[in-house]
Every structure is written in C-alpha cells, then in structure tokens.
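Q: Could you take me through one part of this protein in detail? I'd like to see how a single strand sits among its neighbours, and what the surroundings look like.

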Amino acid sequence: MKTSPDDTATQALPAASPRVRMQKMSLVISRGPDAGRRVLIEKDRLVAGKDPACELFLADATVSRKHFTIERQYDGFVIRDCKSTNGTVVDDIRINEAFLAPGSRIVAGNVELLFQPIYQTHDGELPGSESFGSLRAASNAMKPILGLLRKAASSGTTVLIRGETGVGKSALARALHDEGKRSSGPFVVFDCAAVPPTLIESELFGAAKGAYTGAVKSRPGACEQAQGGTLFLDEIGDLPQELQPKLLRVLEEREVRRLGATKPISLDIQLVSATKFDLATMARQGTFRRDLYYRIAVIDVEIPPLRERREDIPLLSDLFCRDAQRGDVWERLAPALRDELLSYSWPGNLRELRNVLERLRCIGIDGMLPEQAEIAEGDAHLAFDFNFDRPFKVAKEELIDAFEREYLARLLNRSKGRIAPAAREAGLNRKYFYDLLRKHGLHGR
C-alpha cells in the first residue's frame, strides 16, 4: 500500500477538543519494501539501515547497513547521515545533518520515508498533581493537566494551551517558565491579538535601522528579547496567515531575521502559545497553517472552564484573597453565598471569580449574597487595598484597574445589566464599553 503525504498529514491531525494531546513522531515508508508501514519513534535515538539490528530495518540493497540516525532534542529532531554509500536526502537536499520538520521527505537509496506527527489523547490517564508552581488544583479535571505541565516544564518542550477567556492560560504559561530550565531567563509575552497587523512583524521579529520610515535604529523583537528564556505567544490563533510561514521558519531554523536585515540571529528560547480556538480544527479547515500547528503543539492542552471544575472554587477563592493579603476567606463566607458561588456558571471563568471577590472585599461586604451586596453598596465606602511599595507605574495601573472594575460593576447594577443605557450613562462609546467589560470579566445583557 502506498501512502500519499496528504493522506498521512490528514491522518496526523487530532480530533477536535480532547483535553490533552501529546505529539509523537513517526516514519511512514512511502516507497520501497514495506511501503505503507509506520514506525513510531519511541526512543531518543533511532538507527535506520538494512542491518537487522537497526531499530528501523530497511530491506533494500541500495540502503547501507547503518544509513542514517534520528535523534530527539528538547525542541525537535535531528537526522544525521552515517557515511552511507548512496547518501541521505531530506526534501531534495543531500545532507550530513539537518533538522527535520513535520512532513519532511527522507530518501535513503531507493527507499522514501515521510516524517509525520501523530497525536495520542490522554484524558484521565495521566498522573495528577495538586500543585504546579504557584498554581493549585482540587478537581480531577485539573490535576492531570498540572501533572503533565510539570513534566513539560522539566523537559523544556513546546506547549500549546487552549481554553476560554479567563481560564488562566497566562498563569499556566508563567508557571511553565518559572518551573523550567530557563527560569533565570526572561519571560516575554507577545499578544498576537493586541498588536495592529501592520506592526506585528516588526514587534515580533525586530527591525533593522532603515527598514521602514522612522526606523532610526535597529530594534530587537519579542523573539530576541526572550533569548535564553521563554516566549509566550498569547492568542496565536489571531496571528495573520501571511506571517505564519515566517514564524515557522524561526522555530525550525532556530534563528530570526529582523525586518530589513541581511544576517540572521541565533535563538535559544522555549515557546509556549495560547489560544481560545481549536487550532487542530482550524488547520483541518485551512484557516491556520498545518505545519505551524505541528510545530507549536508538541503538547496540546485544553484548560477546562471553571463551570466544569467547581471543586476548585473554594481553593481559588482562598488563593485570590491570600494574594490580596486578606487571608483565607472561604470558610468565613455565609453558607448561602458559598452555595451561590458554587452554582453560578462563571462565563468569565477565573478572572470573573477574582473580580467578584475583589468587589466584595473593596466595598467592605463579607458574607452577603450578590443581591444583598447590591442594596448595600450605595452606602459602602470604597477601601482599595494596595501595596504602595510597588513601583509607581505598577501601583498606578493596579489602582486604575480596581477603579474600572468597581465603576463598571456599579453601573451594570444600576442599569440591571443593560449595556446601552450603562454606556450612555458613562458617556462611553458602546464598543469601548464592551472592551472594558471583557477586560475585567464582567457581563451585561
């Protein structure tokens, strides 16, 4: 049976929306004896040749006894020719050593092989962990994910984190950095959805002097700034398609070329990406590059929404209030309020939970139901509790964020959740008002 590269690539794409997908690489013989056979690369080193002792036995006279090796590195695979008689060719280029990309075509004598990823799902099969860095979990939905991410941090592998807005993707990315081998290096966040499309190339890859009008000096991009550390690409599903090939080249060649520059710069970074989309489905539909998905999703994890892990709410409530130097609060809340928090659907996930707790704390109401808090809040005194030992810019931003959250929450209460009258009362453009609500995990009708 002969397997076409397109058929194999389609088979390699995972089904939509399992919690954990782990990428493994395989070799598919597309021409020669045993055509159609697939061999999974299980070990860190695989030897291929016509010697029966090789891990990959190729029964063809044009293949050397030990023809080539494939070695796993922390962020990819390297193929090396073993001084074979007929040489090793990768994607039509004869090589001594080269990095392999998903879909690479390898020719050894008259035998042709395809280097292809496959995905294994591990829902409920992974050893769990109740903690990972500063993160904690009590639910069976989160414990296996924390256990897997702990292993990913120690290996430095590439991770894709999926999940709804507010589930804590950024916190998980930060924990991967803090618990990994590059924790002493920088942690650089690049939000693909927040940068204008016209600027995203220079902001991500850097720009040389004179690359465009106003470029009076060379400037490193986010890739270079993350040198020796971790680059976190938030909302990677929003990366323009015309820039996806350039990012793929950066990841495969481990070097970046600034916009307008002639010489590349070598990179040593770990990549963590996040998105609210299912990129496997997008790759299947052609709206996201398939080869880039393979490269960023060595481990592909979906973080469940808060409504699917309500057991974490008491623990998270204590953690959020401890961050605010208020101590553990869950057991001090009125039973009716605890029931309300546990039964609510939390469309804004962890971000909304944090905002609700901060709001109760700021207006000085402890242990009341939300409707009771609404009645009392008009006479409550705002007591924003901040650490004024922080740098000026950080303290100022925290104070502004707290004011915005409280202002919007009170405004929505007065308008009974109706967006249009709330925006009019605030004197704000409705689109900007929606943006502020999303920013703070608040929702209107």
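A: Here is a walk that starts at one strand and works outward through the core around it.

Keep in mind that this is a predicted model. Overall, the protein comes to 15 helices and 20 strands, and 50% of its 445 residues count as buried. Among contacts between residues at least 6 apart in sequence, 62% join residues at least 24 apart.

Let's pick strand β16, residues 230-234. How many of its residues are buried? Five of the five residues of β16 are. In a regular strand the side chains alternate between the two faces of the sheet. For β16, one side carries Thr230, Phe232 and Asp234, the other carries Leu231 and Leu233, and every one of these is buried. Both faces of β16 are covered, then.

Now for what flanks this strand. Strands of a sheet pair through backbone hydrogen bonds, either parallel or antiparallel. Here β15 and β16 run parallel, joined by five bridges. Within that pairing, valine 188 sits opposite leucine 231 of β16. There is also β19, which runs parallel to β16 with four bridges between the two. If you want a spot to click on, threonine 230 has glutamine 270 of β19 as its bridge partner.

The β15 and β16 strands share an aromatic contact too. A pair of aromatic rings is described by the distance of the centres and the angle of the planes. The structure holds six aromatic pairs. One of them is phenylalanine 187 with phenylalanine 232, which are stacked at 6.1 Å centre to centre with 15° between the planes. This pair ties together distant parts of the chain, since phenylalanine 187 belongs to β15 and phenylalanine 232 to β16, 45 residues apart. Both of these phenylalanines are buried.

Follow β19 to its end and you get to threonine 275, in a strand that covers residues 270-275. Is threonine 275 buried or exposed? With a relative accessible area of 0%, threonine 275 is buried. Its side chain still has a polar partner: one of its polar atoms lies 3.0 Å from the backbone nitrogen of phenylalanine 277. Leaving out neighbours within four places in sequence, threonine 275 is in contact with Leu160, Ile161, Arg162, Gly163, Lys169, Glu235, Ile236 and Gly237.

Back to the nonpolar side of things. The largest nonpolar core has 36 residues, and Phe190, Leu231, Tyr293 and Ile296 have the most contacts inside it. Strands β15 and β16 each give two or more residues to this core, and so do helices such as α6 (244-253) and α8 (290-296). Apart from it lies another core, of 25 residues, which includes Val20, Ala137, Val167 and Phe187.

Isoleucine 296 is a good place to look around in the 36-residue core. Not counting residues up to four places away in sequence, isoleucine 296 touches Thr158, Val159, Leu160, Ile236, Leu251, Leu271, Ser273, Leu279 and Phe288. Leu160 and Ile236 also turn up on the contact list of threonine 275.

Where does α6 come in? Take leucine 248, which is found in that helix. Leucine 248 counts as buried because its relative accessible area is 7%, and the cut-off for buried is under 20%. The C-alpha atoms of leucine 248 and isoleucine 296 are separated by 8.9 Å, although their positions lie 48 residues apart along the chain. Leucine 248 itself touches Arg289, Asp291, Leu292 and Arg295, again setting aside residues up to four places away in sequence.

Last stop, the tyrosines. Tyrosine 293 and tyrosine 294 make a tilted aromatic pair, 6.3 Å centre to centre and 55° between the planes. Tyrosine 293 is buried, as is tyrosine 294. Ring pairs also bring in Tyr119, so Tyr119, Tyr293 and Tyr294 form a cluster.

To pull it together: β16 has β15 and β19 running parallel to it, is covered on both faces, and lends Leu231 to the residues with the most contacts in the largest nonpolar core.

Key: Residues numbered from 1 in each chain as written. Predicted model: local features only at pLDDT ≥ 70, side-chain atom pairs only at ≥ 80, totals over all residues. Heavy atoms only, no water. Core = buried A, V, L, I, M, F, W, Y, C linked by side-chain atoms within 4.5 Å. Buried < 20%, exposed > 50% of the residue type's maximum accessible area, 1.4 Å probe, protein only. Contact = heavy atoms within 4.5 Å. Phe/Tyr/Trp six-rings, centres within 6.5 Å; stacked < 30°, edge-to-face > 60°. Polar contact = N/O pair within 3.5 Å; in protein donor to acceptor, adjacent residues only side chain to side chain. Pairing = 2+ DSSP bridges.
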